[in-house]
Amino acid sequence: MLGEVRASAGARTLRYLSFPHRSDVQAPDGWKLVGAETIAAAETSSLDVDAVMITGEVSDVMMDRLFERLADPLVPVVTLHGEARRGTDRGGESPWGAARSIIERREELPQAIRQSGRVEDVLLARMFTRKSDLIPRYAPSDRAAVIYPVAGRIDGVAEAANRLVDAGLLTRKFFDRLHTCPSCSSSALNVREECHKCRSGDLYVQEIVHHFRCGHQAPLSKFESPLGHALTCPKCNLKLRHIGLDYDKPGSVQTCRSCAHTDDSNAVGFVCMHCEGKFDAARVPVRDVYSYAITAQGTRMLFGGQPDVVSQPPNVFAVLLHSAVQQ
Ligand SMILES: [Zn+2]
Ligand SMILES: [Zn+2]
Ligand SMILES: [Zn+2]
């Protein structure tokens with residue numbers, strides 16, 4: 001019995017969804033806009049298209065709904081309008097060509113990989129179809145502060161990638177070390193200098209004045225008198241005349257506007273922008289972020305080799321306690 005043979009992506013007409021729906025999109029030859037029936041069907045089942053082209057303003061909620069409906073995590077979602085969104089593919093100069101390339105490379109993959117739901121398989125398949133390493137990018141609006149655009153909307157990307165490193169299918173390179181909130185794990189943290197005594201961030205720097213004659217040392221404000229501009233020693237009441245001759249300024253101190261505490265150093269603290277928690281630097285853990293490249297073994301695995309990913313919890317992505325910035 002003859003099976004139905006599907007033409008390869010290079011030969012057949014590719015079906016795309018315009019999101020939001022627009023019928024005036026100028027698609028090149030070889031592309032066909034899916035009609036309302038496909039969109040209606042997606043209300044109850046998954047969306048069956050070759051590509052999604054973002055053709056107008058779409059709210060975050062609608063983007064979330066789109067990705068929920070898109071059962072196949074390898075389908076290209078390319079932005080024709082506006083800036084890149086979380087989970088979308090880079091269209092660059094030629095968005096239609098970029099989408100077609102992803103579809104063609106997807107069809108090179110064995111069916112077992114295309115249909116696999118394992119996060120490691122999806123990650124490798126996305127790297128292959130996007131012809132890209134897994135490279136992190138800073139994303140201030142994201143809780144993790146770093147995203148991997150090539151990974152699309154996969155959850156637990158770094159953990160999965162580190163398991164693939166353990167299995168020899170990816171190699172990794174250090175990208176950055178991020179601090180994470182001990183309370184909510186966000187990496188959107190404000191680091192600041194704080195008062196040792198009351199942890200306020202409202203500090204100012206004052207010069208220290210050293211009076212040679214009596215040996216008194218104190219912040220400049222203690223030598224200033226409201227009556228004139230001459231500095232007067234608060235200990236011996238003599239006027240200070242010439243810097244270098246009868247006094248000098250050997251350094252500076254930090255003074256807190258909140259509690260008036262003066263110290264020769266400041267504490268370092270973090271404020272979490274998500275949960276508003278305040279933490280001493282010594283209590284804030286760090287996590288290392290890497291970029292990843294696929295190995296020859298990783299490519300072999302994609303094309304039918306046996307996956308041998310270790311299944312124990314990741315220990316490479318260990319959270320290390322950050323030592324105090326100032327001992
Ligand atoms: Zn937090
Ligand atoms: Zn204070
Ligand atoms: Zn004095």
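Trainee: In this predicted model, is glutamate 276 buried or exposed?

Mentor: Glutamate 276 sits in the loop between β13 (267-272) and β14 (278-280). A residue counts as exposed when its relative accessible area is over 50%. Glutamate 276 has a relative accessible area of 66%, so the word for it is exposed.

Trainee: What is the phi of glutamate 276?

Mentor: Glutamate 276 is not a glycine, yet its phi is positive. The value is about 65°.

Trainee: Which residue in the loop between β11 and β12 (262-263) has a positive phi?

Mentor: The residue in question is not a glycine, and its phi is near 70°. At 55% relative accessibility it counts as exposed. It is found in the loop between β11 and β12 (262-263), and its name is alanine 260.

Trainee: Which residue follows phenylalanine 19 across a cis peptide bond?

Mentor: The bond that starts at phenylalanine 19 has omega near 0°, and it is cis. The residue at its other end is placed in the loop between β1 (14-19) and β2 (31-33). That residue is proline 20.

Trainee: Which residues give the protein donors of the zinc ion (ligand 1)?

Mentor: The donor atoms are SG atoms, and they lie 2.3 Å from the zinc ion (ligand 1). In sequence the donor residues are spaced C-x2-C-x87-C-x2-C. They are Cys181, Cys184, Cys272 and Cys275.

Trainee: What is the arrangement of the four donor atoms around the zinc ion (ligand 1)?

Mentor: Four donors count as tetrahedral if all angles lie between 85 and 135 degrees. Around the zinc ion (ligand 1) the angles are 103 to 120°, so the arrangement is tetrahedral.

Trainee: Is cysteine 272 buried or exposed, and what does cysteine 275 count as?

Mentor: Buried means under 20% relative accessible area, and partly exposed lies between that and 50%. Cysteine 272 has 1%, so it is buried. Cysteine 275 has 33%, so it counts as partly exposed.

Trainee: Which atoms are the protein donors of the zinc ion (ligand 3)?

Mentor: The donors lie 2.1 to 2.4 Å from the zinc ion (ligand 3). Their residues are spaced H-x2-C-x18-C-x2-C in sequence. The atoms are ND1 of His211 and SG of Cys214, Cys233 and Cys236.

Trainee: How many residues apart in sequence are the parts that histidine 211 and cysteine 236 tie together?

Mentor: Histidine 211 lies in strand β9 (residues 203-211). Cysteine 236 lies in the loop between β10 (217-219) and β11 (247-256). The pair therefore ties together parts whose separation in sequence is 25 residues.

Trainee: What is the arrangement of the donor atoms around the zinc ion (ligand 3)?

Mentor: The four donor atoms subtend angles of 100 to 120°. Angles between 85 and 135 degrees meet the rule for four donors, so the arrangement around the zinc ion (ligand 3) is tetrahedral.

Trainee: What do histidine 211 and cysteine 236 count as in accessibility?

Mentor: Histidine 211 has 2% relative accessibility, so it counts as buried. Cysteine 236 has 29%, so it counts as partly exposed.

Trainee: Between which domains does the largest pocket lie?

Mentor: The domain assignment gives domain 1 (1-108), domain 2 (117-191 + 267-327) and domain 3 (196-265). The largest pocket has a volume of about 1,200 Å³. Two domains both give residues to its lining, so it lies between domain 1 and domain 2.

Trainee: Which element gives the largest share of the lining of the largest pocket?

Mentor: The lining of the largest pocket has 40 residues, and they divide into 18 nonpolar, seven polar and 15 charged. Elements that give two or more residues include α2 (60-69), α6 (157-166) and β15 (286-294). The largest share is four residues, and it comes from β15.

Trainee: What is the volume of the largest cavity?

Mentor: The structure holds one cavity of 30 Å³ or more. Among the residues that line the largest cavity are Glu194, Cys195, His196 and Leu203. Its lining divides into three nonpolar, five polar and two charged residues. The volume is about 40 Å³.

Trainee: What distance separates the centres of domain 1 and domain 3?

Mentor: The centres are taken over C-alpha atoms. The distance between those of domain 1 and domain 3 is 68 Å.

Definitions and conventions. Residues numbered from 1 in each chain as written. Chains lettered and ligands numbered in written order. Predicted model: local features only at pLDDT ≥ 70, side-chain atom pairs only at ≥ 80, totals over all residues. Heavy atoms only, no water. Donors = N, O, S within 2.8 Å, 3.2 Å for Na, K, Ca; no water. Tetrahedral: all angles 85-135°; square planar, octahedral: opposite > 155°, others 65-115°. Buried < 20%, exposed > 50% of the residue type's maximum accessible area, 1.4 Å probe, protein only. 1 Å grid on protein atoms, 1.4 Å probe; cavity = no way out; pocket = protein on both sides within 12 Å on 5 of 7 lines; lining within 4 Å. Points joined across faces, edges and corners; volume = space filled by probe spheres on them. Nonpolar A, V, L, I, M, F, W, Y, C, P; charged D, E, K, R; others polar. Domains from an automatic or database assignment.
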